[in-house]
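User: I'm new to this one. Can you walk me through it?
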Amino acid sequence: MRALTWHGKHDVRMDTVPDPQIVNPRDAIIEVTSTAICGSDLHLYDAVIPGLQGGDILGHEFMGRVVETGPKSTLKKGQRVVVPFTISCGSCFFCKATLFSACDNANPVETQEASELLYGHAVGGLFGYSHMTGGYPGGQAEYVRVPYSDVGPIVVPDGVPDEDVLFLSDILPTGWMAAENCDILPGDSVAVWGCGPVGLFAVQSALLMGAGRVIAIDHHPNRLALARGLGADVIDYTQTHVLEALMEMTGGMGPDAVIDAVGMESHGMAPDNLLDTAKQKVGIGADRAHALRMALMAVRKGGRVSIPGVYGGMADKFPLGALMEKGLQVRSGQTHVQRYGSRLLDMIMEGKIDTTFLISHRLSLEEAPRGYRNFADNQNEWTKVVLTP
Ligand SMILES: [Zn+2]
Ligand SMILES: [Zn+2]
């Protein structure tokens, strides 16, 4: 089959690779009908996430049709499914607590060591996201093996276009959980750093959850316009002093909740970010945590901090004092996608959520390398790329 494979920094290619096979009774094989490039794929493209090997198949946002099932899969051939990017067994301590992305069984023992060393505990399994998370081949391919296919995939009725539901695989539940992690009360003010897909869906979700005012921060005019279209007030950080503006917009208090939807590759010329960038370039495993530092400084006393943005290593110059002295609550984590799938599918079917506004480019799978390059280099115009094999 054809698949998009990683070969090093800024080097992804279309390769011919062996078709996936059923290896476990609970597996299913999916023929991919739509797959997307994610902002977090760019961390792999930029080679700032450790644990990738040459030839790894990328992609963790995909859907398709079931073409083969193991004897213990509950899926049926021909069904259309959206597959969560998190792989979860459904029966361990964490899965039972609906902490699906923390599943103890999905990341095979032989690939757990690195994350145990870095984080104190082995992390769960993810599709197409390095050997730290299991080394599972991803879905930017013609076919993909889905482990624990009786737990994850969301069956989609025929007649619903792929584009309406594809983002249930990651960015929609990720934006939703980001907002949910803010414990939004009616009328709350919520500031969101980053108007990429997750930031935009967090804006949308926060408003649906009753936020009175959502303030979105970015520097790409196109992305800020999308945020404004969803009902957010916007701040262009290249034009405006963000902390001062946020104080002004919230009556001198600071936002009730803040969301860092930027993560480890923060942009901008702030001194702390330049220092982080230099460290990241020479491979000192430093996250560029500028957005998170700003969020911690901006949020009001006793406020809530939600971090859907991906971090992978260590950060310094961290405003620990602000965290403690202001009495902040922090929630984060890879998304527990399986917790949200059916609820969000219902909201899409009822017309309460539309995610198709995000898609800026539709390419064939063969054009995926061009999609990566443009998504990385022109984030203003390339807001979301959907690939069809
Ligand atoms: Zn993603
Ligand atoms: Zn589990």
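User: Which residues of α9 are exposed on its other side?
Analyst: P271 and K281 are exposed there (over 50% relative accessible area, 1.4 Å probe, protein chains only; buried is under 20%, partly exposed in between). This is a predicted model: local features need pLDDT of at least 70, side-chain atom pairs count only at pLDDT 80 or more, and totals for chains, interfaces and linings use all residues. Residues are numbered from 1 along each chain as its sequence is written, chains are lettered from A and ligands numbered from 1 in the order in which they are written, and side-chain values use heavy atoms, leaving out hydrogens and water.

User: And which residues of α9 are buried?
Analyst: D272, N273, D276, T277 and Q280, in a helix spanning residues 271-281 (helices are DSSP runs of H or I, at least four residues; strands are E, at least two; both are numbered from the N terminus).

User: What do they pack against?
Analyst: The buried residues of α9 pack against α10 (290-298), with contact meaning heavy atoms within 4.5 Å.

User: New topic. What coordinates the zinc ion?
Analyst: C38 (SG), H60 (NE2), E61 (OE) and D170 (OD) coordinate the zinc ion (ligand 1), at 1.8 to 2.3 Å. Donors are N, O and S atoms within 2.8 Å of the metal (3.2 Å for Na, K and Ca); water is not among the atoms, so sites may look incomplete.

User: Where do C38 and D170 lie?
Analyst: C38 is in the loop between β3 (28-37) and α1 (39-45), and D170 in the loop between α4 (162-165) and α5 (171-180), so the pair ties together parts 132 residues apart in sequence.

User: Is C38 buried or exposed?
Analyst: C38 is buried, at 4% relative accessible area. D170 is buried too, at 5%.
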